[in-house]
Amino acid sequence: LPATHVGEAHSGEPAVLVRDRIFARSREAGQVLQFWVADEQLVDGYVESDGATFRSARGYSRTVVMGRLSGLDDGDLRDVLVGSWRARTTASLRRQHPEVG
């Protein structure tokens, strides 16, 4: 994904950033992926579609989803990462890269 790099979250956990904003983060010793969605209603959609894999993080953010990596295949993982990148990047970067998504 454009303008991304690997870094660390404030707690030292591995994270992937678009420019200076985290859009994916490792949680629970690498078992869970934290990612963002553009709208809080999408959080409910993930949880309702597969409650064993996805959960909300309402106490942390209304637009964060926690996904168990064991429940995500490669296509699912790509989809959540692209969606999270789009939710967290700038409008100008989204316009520069309309092919992403």
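The following paragraphs describe a predicted model, from its overall fold to its salt bridges, its unusual backbone angles and one charged surface patch. Residues are numbered from 1 along each chain as its sequence is written, and side-chain values use heavy atoms, with hydrogens and water left out. Because the model is predicted, local features need pLDDT of at least 70 and side-chain atom pairs count only at pLDDT 80 or more, whereas totals for chains, interfaces and linings use all residues.

The chain contains three helices and six strands. Helices (H or I, at least four residues) and strands (E, at least two) are DSSP runs, numbered from the N terminus. In sequence order the elements follow the pattern β-β-β-β-α-β-β-α-α. The radius of gyration of the chain is 13 Å, close to the 13 Å that the globule rule gives for 101 residues, so the chain is as compact as a globular protein of that length. Here the radius of gyration is taken over C-alpha atoms, and the globule rule is 2.2 Å times the number of residues to the power 0.38. Along the principal axes, the C-alpha atoms fill a box of roughly 35 × 30 × 25 Å. Of the 101 residues in the chain, 34% are buried. Buried means under 20% relative accessible area, exposed means over 50%, and partly exposed lies in between (1.4 Å probe, protein chains only). The areas themselves come from the Shrake-Rupley method with a 1.4 Å probe, and for residues only the protein chains shown count as cover.

Side chains of opposite charge can pair when their charged atoms come close. The structure holds five salt bridges, each defined as a side-chain nitrogen of Lys or Arg within 4 Å of a carboxyl oxygen of Asp or Glu. One of them joins the side chains of E13 and R25, at 2.7 Å from N to O. This pair links distant parts of the chain, with E13 in the loop between β1 and β2 (14-18) and R25 in strand β3, 12 residues apart. E13 is partly exposed, with a relative accessible area of 21%, whereas R25 is buried at 3%. R25 also has a spatial relation to P14: the two are 11 residues apart in sequence and 6.0 Å apart in space, C-alpha to C-alpha.

Another salt bridge is formed by E28 and R55, whose closest N and O atoms are 2.5 Å apart. E28 lies in the loop between β3 and β4 and R55 in strand β5 (residues 54-56), so the pair ties together parts that are 27 residues apart in sequence. E28 counts as partly exposed at 38% relative accessibility, and R55 is partly exposed with a relative accessible area of 34%. R58 and D44 also meet through their side chains in a salt bridge, at 2.5 Å from N to O. Here too distant parts of the chain are linked: R58 is in the loop between β5 and β6 (64-68) and D44 is in helix α1 (residues 40-49), 14 residues apart. R58 is partly exposed at 36%, and D44 is partly exposed at 33%. Salt bridges that share partners join E28, R55 and R68 into one network.

The backbone has its own points of interest. Most residues other than glycine have a negative phi, and most peptide bonds are trans. E28, already met as a salt-bridge partner, has a positive phi of about 50 degrees although it is not a glycine. A3 likewise has a positive phi, near 60 degrees, and is a residue other than glycine. A3 lies in the segment before β1 (4-8) and is partly exposed, with a relative accessible area of 38%.

Towards the end of the chain, T89 sits in the loop between α2 and α3 (91-96). T89 is buried, with a relative accessible area of 8%. T89 and D20 are 69 residues apart in sequence and 9.2 Å apart in space, C-alpha to C-alpha.

On the surface, D73, D74, D76 and D79 form a negative patch. Patches are made of residues with over 30% relative accessible area and no salt bridge, where like charges are joined within 9 Å and nonpolar side chains (Val, Leu, Ile, Met, Phe, Trp, Tyr) within 5 Å. Lys and Arg count as positive and Asp and Glu as negative, while His and the chain ends are not counted. The place of a charge is taken as NZ of Lys, CZ of Arg, CG of Asp or CD of Glu. Within the patch, D74 belongs to helix α2 (residues 74-88) and is exposed, with a relative accessible area of 67%.
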